[in-house]
Every structure is written in C-alpha cells, then in structure tokens.
Amino acid sequence: MSMGRYAGATDPEAGRDGAGQAVLLRSPSGATARVSLHGGQVVSWTNDRGDELLFTSSKAIMKPPKAMRGGIPICFPQFGNCGTLERHGFARNRMWALDEERPGLSRSDSGSRSSVDLILKPSEEDVKSWPHSFEFRLRISLTKDGDLSLVSRIRNVNGKPFSFSFAYHTYLSVSDISEVRIEGLETLDYLDNLSQRERHTEQGDAITFESEVDRVYVSSPNVIAVLDHEKKRTFVIRKDGLPDTVVWNPWEKKAKTMADFGDEEYKQTLCVDAAAAERQITLRPGEEWTGRLELSAVPSTNCSDHLDQPGIM
C-alpha cells in the first residue's frame, strides 16, 4: 500500500489483522480508525486518549465470509430482511479494493484529515442474486479533531433503474445500556420490527432502554445525540442523504441466541444507524446517490445542546 494514496497520516503497515487486510488512519489529535477491506468496515475508532468508541463483540468472527459483529458494517443493497437477499445485503461480506481514482468531494470535505478511499463492484455471484451493475465508492476519514466521517457514493452503471436500502450499522460502545439515552428522535413516528413493522409515535422526552428495541425512526433529523451518563460522553451523529434512524439493542434474551455475541454484551453496546430503510432509494442509469455520516464524541452535558450545532453538510 502506497502512502500517497491517503490524505493525512496513515499506517498501511497495519497489513493483515484478525479482520483481514486493514488500514489504520490517524488524526493529528491522535485519534485512530481501523478500516478492514473485508466489508469496507470500520472496526475500531479511538479518541486521542486511546478510548475505544465502537463496540466489537468478544465472540465476533473475524474472517470472511462472515460479517464481523461490531464496528460499522455497511448494509447494502438491502437492510434487514426486507428483500430477497441475505440479511443486510452483501456489501459487508465482500472484499473491497483501494480506489485509485479517488473522486474529489465538496470543499467541506477537504482540509486536514486522514482518509482512505475504497471501491466495491458487483461480482458474478452478486449479479446472480441482484442483477444490477453499480460502483460503490466509500471514503472514510478522520478530521483533525478525531471525528469519524463516512461518505458513500453509489452510481448506477446499469442500463436500467435499480432500488436499494442502506444503513451504516453503527455499534456504539456504552458503559451500560440502562444509563444511556437518545435525544433528537422524540415525537417521531417509528416502525417497530418487533411487531411486524407496526407504526407508532415516540412518546418519551428521550429514548431510554429497559428491554429489546428494534425500531426505524422515519424522517428523522440530521443531528442526533446519544448521551452516556456513566462515561460522561455524548456521541453526536450527523447524517445526510439518509432519512431514517434505526435504533437496536437485542437485550438479554436475544443476546443469548446469537452465536457471535456474548450473553451479557447487550449492556455495552447500542446501535444507532443512519439509514434509508422505510423507502428504497431508486437510481436511474447514470445517476449517483451520496449518503454521509459523521460521528463525534464529546464530554456530556445534562441536556443535548449539540442538537443545535450545524451539521456536516
């Protein structure tokens, strides 16, 4: 791997680790992100003090063709089981390549950061199950302050339209799920995957957790906060091009049925996904879609003033 392929400081010598060939990004502040070419998946994100901000199960399977339980799997071209493909699609189970072309992004994405550009194209096997031709370009970056940014560009290079759903399936590391709350989704409608996607309206002032949760909050704001009281840390999630937010925690009973998830690990993680899950995205021939996610971890306050901050777009 050539150092010239990346902006900022990278550590291509990361070479092969348990998750396959990987690249280590490092920001000027000392934050890091490890990106596996298997799945184009962020498998680690640490702050300048070395604290791990993403959850990975101690029982995660770290080799293809199984998707790794943790980090930020890319769900494409299907999210969940709502379709004919394997759960969450095939992108998270494929080997991605380094993108030599590296298309330029908007000015707001320039500046001092460490980044890597990956590309995924359909294999012959993929075309058999999903007969569409696409180019999926993924840029993963660390800002100078250590914020984590993912920008996905999906282009239809087919002769006919196709539709897909999508999610950045983000496993946040938390102290204890009972000490966590989400702000920014109150009063919204959600689809409850635990009851045949019935539509409900969120009634709480904030989302807290006492049992299994698997919901798609539709038409959600572009800025959401996850407050961890015990760690005195707030995750600020900013998104664009992704209208929905998925909230998931398996809780005790389901955790015990998952072979790649520890029985008690539901306490240490919360998935909050920027997603296009309620309605599929349709691309005509030659069209391109862009979906962005930026994650930051900041000291907590009692209420989320972060929701008033401008987004990344």
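A pocket, as the word is used in these legends, is an open set of points on a 1 Å grid with protein on both sides within 12 Å along at least five of seven lines.

**View 1. The second largest pocket of this predicted model and its lining.** About 310 Å³ of space lies in the second largest pocket, and the elements that give two or more residues to its lining are β5 and β21 (288–299). Of these, β21 provides the largest share, four residues. The lining is made up of 18 residues, with Asn47, Arg49, Ala297, Val298 and Pro299 lying nearest the centre of the pocket. Sorted by class, the residues of this lining are six nonpolar, five polar and seven charged.

**View 2. The hairpin of β4 and β5.** Strand β4 (residues 32–36) runs antiparallel to β5, and five bridges join the two; within this pairing, Arg34 has Ser44 of β5 as its bridge partner. Four residues lie between the strands of the hairpin, in which Gly39 takes a positive phi near 90°. Strand β5 (residues 41–46) is itself mostly covered, since six of its six residues are buried.

**View 3. The surroundings of Asn156 in strand β10.** Asn156, whose place is in the strand spanning residues 148–156, counts as buried because its relative accessibility is 1%, where the cut-off for buried is under 20%. Its side chain reaches the backbone oxygen of Arg284 at 3.3 Å. Leaving aside residues up to four places away in sequence, Asn156 touches Ser133, Pro161 and Phe162, and also Leu283, Arg284, Pro285, Gly286 and Glu287.

Technical notes:
Residues numbered from 1 in each chain as written. Predicted model: local features only at pLDDT ≥ 70, side-chain atom pairs only at ≥ 80, totals over all residues. Heavy atoms only, no water. Buried < 20%, exposed > 50% of the residue type's maximum accessible area, 1.4 Å probe, protein only. Pairing = 2+ DSSP bridges. 1 Å grid on protein atoms, 1.4 Å probe; cavity = no way out; pocket = protein on both sides within 12 Å on 5 of 7 lines; lining within 4 Å. Points joined across faces, edges and corners; volume = space filled by probe spheres on them. Nonpolar A, V, L, I, M, F, W, Y, C, P; charged D, E, K, R; others polar. Polar contact = N/O pair within 3.5 Å; in protein donor to acceptor, adjacent residues only side chain to side chain. Contact = heavy atoms within 4.5 Å.
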